[in-house]
Amino acid sequence: MSTRERILKFVKEAQPYLAVILLQFGYAGSAIIAKSALNHGMSHFTFAVYRNVFATFVFAPFAMVLERKIRPNMTVSIFLKIMLLGLLEPVIDQNLYYTGLRYTTATFATAMCNVLPALTFLLAWILRLEKVNIRRLSSQAKIVGTTVTFGGAMIMALIGGPTIGLPWTRHLLSTTTATSASLTELQPIKGALFIAAGCICWACFYNLQAITLKTYPAALSLTCLICSAGAVEGTALTLVAERGNTSIWAIHLDTKLLSYVYSGMVTSGLGYYVSGLIMKDKGPVFVTAFNPLNMVLVAILGSFILSEQLNLGRVLGGAIIVIGLYLVIWGKSKDQILSKSSSTDDAEAEPVGQETSITKSLNQVKAGDEAV
C-alpha cells in the first residue's frame, strides 16, 4: 500500500471521529448562547419552535436539490416515525432540557447530558441495534461503563461540595448572573430531573432515527422533515402552554434571535444530519459517546462568558462519567474489531465454487451492461 493510499485510508477512518468532535463544539456554543438568552427572559417553548423553523427553511432547498433522486416515497409507517421523531427531540426533549437549564447552570446541564450515551446504549441493546455478549470482556465493559456513567450523573445532582474558585470569574460577576446563580444553586435536583427526562427522550430519538434511516436513507430530507414536524408540534404545545401570552413570539435583534438561528442551523439542522450519516455505519451509541467533550467545553466557556463557578461534586461526578464512558467506547471498539474479523473469516471460509455477494453484484452489473 502506497503512502497516498494510507493517508486516504486514515482520513476516511478519521472522518466520523472528526465529525462528532466538531458537533460537540457546536453543541457547546448552543448551550452557552441559549443559557444567556434564557437569563434574559427567552421562553423555552418558542425557542424550540423557532430553532426548528429556521433549520427547516435553511436546509430544505438543499434537500430538495441534492436528494431528489434518492428520496424514497413516503409511506404511512415512515410518516408516523417522522412525527414521533419530531415529538421526541425537537419538542419534548428540548423543552425539558431548557426547563432544567433554568434551574441549573450550563455546565451542570451539559454534564448531566453525559447519561445520554448510557441510555442510548441500553435502548440499542433492547432494540438489538447494539450487540451484547455477556461472556465477552468488551460487553462487560459496556455494561459496567453504563452503570458508572449513571452513578456519576447522580453524584453531580446530589452532591454539592465546596466551590472551586476560578481566578478569571471574580471580576466578571454581574448582578444578573449572581442572582441567577443563587437561585439555581437551590434547585439542582429539580433541574436534574428535567434534564434526565429529556435525555431519555433524546436516547429514544437517536435509536428511532437509526431505525428510520434504514427505510428512509435520505438523511438531509429526513432532517428537514423532523424539524418541520417538530416546529408544527411545538407550536401546538406552545399555544396551549402559553395561551394568551403573545409577547413570547416577538423577534428582536438580540441574544434570543442569535440563539434561534445558531441552534437551528447547528444543533437541529447539522446535528440531525451529521448524526444520521455517522450512525448509518457506527450506530447511535457512537454518536453520543463524545458528550464528555461537550461538558469540558461548556465548563470552560461558561466560566468565561457566564461567570459560572464549579463545585467539587460536579467535578467529581464529571470525572466518574468520563471514566464510565471510556469503558463504553473501549468495549464498542473491541466489538467492532471482533465483528470485522468474524466477517473476514466467514468470507475466507466460503466455498470456492460459491459466489460471494460482491461477486454476484458484479456479475449482475456485467449482465445488465451486456443486455444493454
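**Notebook: aromatic pairs and cavities**

I began with Tyr103, which counts as partly exposed at 22% relative accessibility. I note here that the model is predicted.

**Entry 1, aromatic pairs.** I counted the ring pairs and obtained 12 aromatic pairs. I then asked how the pair of Tyr103 and Phe194 is arranged. The two rings are stacked, at 6.1 Å centre to centre and with 15° between the planes. Tyr103 belongs to helix 3 and Phe194 to helix 8, so this pair ties together parts that are 91 residues apart in sequence. I checked the exposure of the partner as well: Phe194 has a relative accessible area of 27% and is partly exposed.

**Entry 2, a second pair.** I next looked up Phe205 and Tyr272. Their ring centres are 5.1 Å apart and their planes stand at 45°, so I recorded the pair as tilted. Because Phe205 lies in helix 8 and Tyr272 in helix 10, the pair ties together parts that are 67 residues apart in sequence. Are these two residues buried or exposed? I found Phe205 buried, and Tyr272 likewise.

**Entry 3, cluster and charge.** I listed one aromatic cluster, formed by Phe47, Tyr50, Tyr97, Tyr98, Trp249 and Tyr260. I also looked for a charge over a ring and noted Lys282, which lies over the face of Phe286 at 5.6 Å from the ring centre.

**Entry 4, largest cavity.** I searched for enclosed space and found three cavities of 30 Å³ or more. The largest holds about 210 Å³ of space. Its lining has 15 residues, and those closest to its centre are Tyr27, Tyr97, Tyr98, Trp202 and Thr267. Tyr97 and Tyr98 are also members of the aromatic cluster. Helix 1 (3-39), helix 3 (76-103) and helix 12 (291-305) are the elements that give two or more residues to this lining. Which helix gives the largest share? I found that it is helix 3, with five residues. By residue class, I recorded six nonpolar, six polar and three charged residues in the lining.

**Entry 5, second largest cavity.** I noted about 50 Å³ of space in this cavity. Phe205 and Tyr272, the tilted pair, are among its lining residues, as are Tyr27, Trp202 and Thr267. Helix 3, helix 8 (188-215) and helix 10 (255-282) each supply at least two residues of the lining. The largest share, four residues, comes from helix 10. I divided the lining into five nonpolar, four polar and two charged residues.

Note on methods. Residues numbered from 1 in each chain as written. Predicted model: local features only at pLDDT ≥ 70, side-chain atom pairs only at ≥ 80, totals over all residues. Heavy atoms only, no water. 1 Å grid on protein atoms, 1.4 Å probe; cavity = no way out; pocket = protein on both sides within 12 Å on 5 of 7 lines; lining within 4 Å. Points joined across faces, edges and corners; volume = space filled by probe spheres on them. Nonpolar A, V, L, I, M, F, W, Y, C, P; charged D, E, K, R; others polar. Phe/Tyr/Trp six-rings, centres within 6.5 Å; stacked < 30°, edge-to-face > 60°. Buried < 20%, exposed > 50% of the residue type's maximum accessible area, 1.4 Å probe, protein only. Lys NZ or Arg CZ within 6 Å of the ring centre and 35° of its normal.
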